[in-house]
Amino acid sequence: MTLVQSAVQNKLLRLLSPSDFQLLVEDLEYVTFSLRDPIESPGEPIDAALFIEDGIASIVAKSPSGGDIEIALVGLDGMTGTSLVLGSTSAPLSIYIQLPGSGHRISAGKLQAALEQSRSLQRVFLLYVQTMFVQSATTALVNAQAEARTRLARWLLMVHDRTSGHDLYLTHEFMAVMLGMRRPWVTETLHSLEADGHIRATRGKVAIVDRAGLMAEANGFYGEAEREYEKLLGERLSRQQR
């Protein structure tokens, strides 16, 4: 069955012109993915791009000691394989799944062929790449200057924006790795945010209850990447407060 553009959840696919969507649609393959599934590995050829429908992929940098820290994340707002858009064929960083879900996969060769056929398709994807630059820059800023509570509040808002539900199935251990924090700090901070009524946390799950409260806790560090996305692509990314 041919994929209908109006039926997809991925914002990047939805905002393409009908003609640009048609360049991709016959080569899009529906796939599901599980926690920690690898999508890209540093220095390895990129064999495909993934347009996420549901779930989250983390773009991760590795320290000399081997520790991971997330520098950006992708959900229904976008795609992996952005190096292909920039003309490269290998991955500079690791990308793996942090929230299981599904998406539409297209081979590197098919994507590159479509980009060669359409300047407008290339332009949309390049604008998306710019939003990722902004996201990475603001993540570097918050990691350097903000305390644990601020960092976690911002991160929960960003994951919430890029998924379709209000329940985020995340372990404390995985959040600690992604944020470069010690696990006890994550647990303590989640309990603090829950006590203030912003979230509801159970084992392996965080429910967003009060977005406005989380935004206040983010102390101005949340929203720059989301505003850039809306400015460049004309599509709202930040969710309405609840």
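What is the volume of the second largest pocket? The second largest pocket has a volume of about 160 Å³, and it opens this set of close-up views, all drawn from a predicted model.

**Figure 1. The second largest pocket, with a lining built in part from β1, β2 (38-40) and β3 (48-62).** Let us begin with the residues around this pocket. Val-31, Thr-32 and Phe-33 belong to the lining, together with Asp-37, Pro-38 and Ile-39. The rest of the lining consists of Asp-47, Ala-48, Ala-49, Leu-50 and Arg-105. Two or more lining residues come from each of β1, β2 and β3. Sorted by class, the lining has seven nonpolar residues, one polar residue and three charged ones.

**Figure 2. The largest pocket, with a volume of about 320 Å³.** Here 19 residues form the lining. If you would like to find the middle of this pocket, look for Ile-59, Thr-82, Ser-83, Pro-92 and Leu-93, the lining residues nearest its centre. At least two lining residues come from each of β4, α3 (82-85) and α5, and α5 supplies the largest share, with five residues. Nonpolar residues number 13 in this lining, alongside five polar residues and one charged residue.

**Figure 3. The two domains and the contact between them.** The chain is divided into domain 1, spanning residues 11-118, and domain 2, spanning residues 146-233. Their C-alpha centres are 23 Å apart. To the contact between them, domain 1 brings 21 residues and domain 2 brings 16 residues.

**Figure 4. The largest cavity, a space between the two domains.** Searching the whole structure turns up one cavity of 30 Å³ or more, and the volume of the largest cavity is about 90 Å³. Why does the largest cavity lie between domain 1 and domain 2? It lies there because both domains give residues to its lining. That lining has 15 residues, with Glu-70, Thr-139, Arg-154, Trp-155 and Leu-179 nearest the centre of the cavity. Two or more lining residues come from each of β4 (68-74), α5, α6 (148-161) and α7 (172-179). Of the elements, β4 contributes the most to this lining, with five residues. The classes divide into nine nonpolar, three polar and three charged residues.

**Figure 5. The largest nonpolar core, a set of 40 residues.** Leu-24, Phe-51, Met-79, Leu-111 and Phe-125 have the most contacts inside this core. Helix α5 (residues 119-145) gives the most to the core, with seven residues. A second core, of 30 residues, lies apart from this one and includes Ile-56, Val-206, Leu-214 and Ala-218. As general background, nonpolar side chains in soluble globular proteins tend to be buried together.

**Figure 6. Phe-125 and its contacts.** Which residues does Phe-125 contact, once neighbours within four places in sequence are set aside? They are Leu-12, Leu-16, Leu-24, Phe-51, Met-79, Val-85, Leu-111 and Leu-115. Leu-24, Phe-51, Met-79 and Leu-111 in this list are also among the residues with the most contacts inside the largest nonpolar core.

**Figure 7. His-198, a residue of the loop between α8 (183-195) and β7 (199-202).** Is His-198 buried or exposed? Its relative accessible area is 7%, so His-198 is buried. Not counting residues up to four places away in sequence, His-198 touches Arg-149, Leu-193, Ala-207, Ile-208 and Val-209, and also Asp-210, Gly-213, Leu-214 and Glu-217. Leu-214, one of these partners, is also among the residues of the core of 30 residues.

**Figure 8. Three further loop residues to visit.** Glu-26 sits in the loop between α2 (18-25) and β1 (29-33). Glu-26 counts as exposed because its relative accessibility is 60%. Although 23 residues separate Glu-26 from Leu-3 in sequence, their C-alpha atoms are 8.0 Å apart in space. In the loop between β1 and β2 is Arg-36, which is not a glycine yet has a positive phi of about 70°. With a relative accessible area of 45%, Arg-36 is partly exposed. Asn-219, in the loop between α9 (211-217) and α10 (224-233), is another residue other than glycine with a positive phi, here near 55°.

Terms used
Residues are numbered from 1 along each chain as its sequence is written. This is a predicted model: local features need pLDDT of at least 70, side-chain atom pairs count only at pLDDT 80 or more; totals for chains, interfaces and linings use all residues. Side-chain values use heavy atoms; hydrogens and water are left out. A nonpolar core is a set of buried Ala, Val, Leu, Ile, Met, Phe, Trp, Tyr and Cys residues joined through side-chain atoms within 4.5 Å. Buried means under 20% relative accessible area, exposed over 50%, partly exposed in between (1.4 Å probe, protein chains only). Helices (H or I, at least four residues) and strands (E, at least two) are DSSP runs, numbered from the N terminus. Contact means heavy atoms within 4.5 Å. On a 1 Å grid over the protein atoms alone, a cavity is a set of points where a 1.4 Å probe fits but cannot get out, and a pocket is an open set with protein on both sides within 12 Å along at least five of seven lines; lining residues have an atom within 4 Å of a point. Grid points are joined across faces, edges and corners, and a volume is the space filled by probe spheres set on the points. Ala, Val, Leu, Ile, Met, Phe, Trp, Tyr, Cys and Pro count as nonpolar, Asp, Glu, Lys and Arg as charged, and the others, Gly among them, as polar. Domain bounds come from an automatic or database domain assignment.
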